[in-house]
Amino acid sequence: MSSLAQAQYIGSLIIQCSAGNPQYSLTAPGSFTSFGVSTGCTYTPSGAVTQPGTMIPGFVLANLAPGEYQIVVNGVFGPTTNSDQAYWRMTDGTNLTDQSASSTGGGNGAGGSLVFRYSISTPATGVTIQLQARSSQNVNILASSTIPLSFNVYRFPKANELAIRPDQSNIPGTVYFPN
C-alpha cells in the first residue's frame, strides 16, 4: 500500500538580535524553564508561522489542525560549561514536546539542530510555542545577525488523511490500467 499524503511545510521563523551575546540566557535552570524576553531582535516569519507578541525564542501558529508536527530548531545553544549538557523542549503552556539534548557547550553553546515532535488532537488558533531548557549549568541561546536562531515547522498527516494509490496497491479489486 502506498500513501499520497506527505509532510506539509507550515512555515518558519528566523530570529536575529543586535544585542550582546548571548541574546537569551538562563541561570542553572534545574527544571524546564522558559527564557525571558530579549531586546533588539528582528523576527522574519514565512508561511503560517508568525512572530510572538514579545521577543522570546518561539513562534505563533495562527491555525493548528490536529496532527503530528515536527519542529526543527537551528542555531547556537547549550550550556556555558563543557562538562554539562542542556536539555530542551518546546511548549505552548499546556502541550509539551519530547525533550532533546544538546551537545556540551562552552561559551555561548554549540551550533546544531534540535528536532521536536509536537502533537495536537483538537484544532487550535493563535498558539504560541516557545523553547525551554534545563541544565545544572547556565544555558545560552545565540541569535545574532550572522548566526540566527530559526524554527522550521512541518505537519504530518493523521491516519485518516492517508490515501491509497491503486497503481501501487496489492489490495484485490484495485486494478490499475495506465493509458
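The following exchange examines some terms applied to this predicted model.

Me: Why is the pair E68 and R117 called a salt bridge?
Reply: A salt bridge requires a side-chain nitrogen of Lys or Arg within 4 Å of a carboxyl oxygen of Asp or Glu. The side chains of E68 and R117 meet at 2.7 Å, N to O, so the pair satisfies that cut-off. The structure holds 1 salt bridge.

Me: What makes this pair a tie between separate parts of the chain?
Reply: E68 belongs to strand β7 (residues 67–79), whereas R117 belongs to strand β10 (residues 110–120). The pair therefore ties together parts that are 49 residues apart in sequence.

Me: Why is R117 called exposed?
Reply: The term exposed applies over 50% relative accessible area. R117 has 52%, so R117 is exposed.

Me: Why is E68 called partly exposed?
Reply: Partly exposed lies between buried, under 20%, and exposed, over 50%. E68 has a relative accessible area of 30%, and therefore E68 is partly exposed.

Me: Which term, buried or partly exposed, describes G112?
Reply: G112, found in strand β10, has a relative accessibility of 31%. Buried would require a value under 20%, so G112 counts as partly exposed.

Me: How do you know that G112 is in contact with V73?
Reply: Contact means heavy atoms within 4.5 Å. Leaving aside neighbours within four places in sequence, G112 meets this criterion with V73, N74, G75 and F77. The C-alpha atoms of G112 and V73 are 8.3 Å apart, and the two residues are 39 residues apart in sequence.

Note on methods:
Residues are numbered from 1 along each chain as its sequence is written. This is a predicted model: local features need pLDDT of at least 70, side-chain atom pairs count only at pLDDT 80 or more; totals for chains, interfaces and linings use all residues. Side-chain values use heavy atoms; hydrogens and water are left out. Helices (H or I, at least four residues) and strands (E, at least two) are DSSP runs, numbered from the N terminus. Buried means under 20% relative accessible area, exposed over 50%, partly exposed in between (1.4 Å probe, protein chains only).
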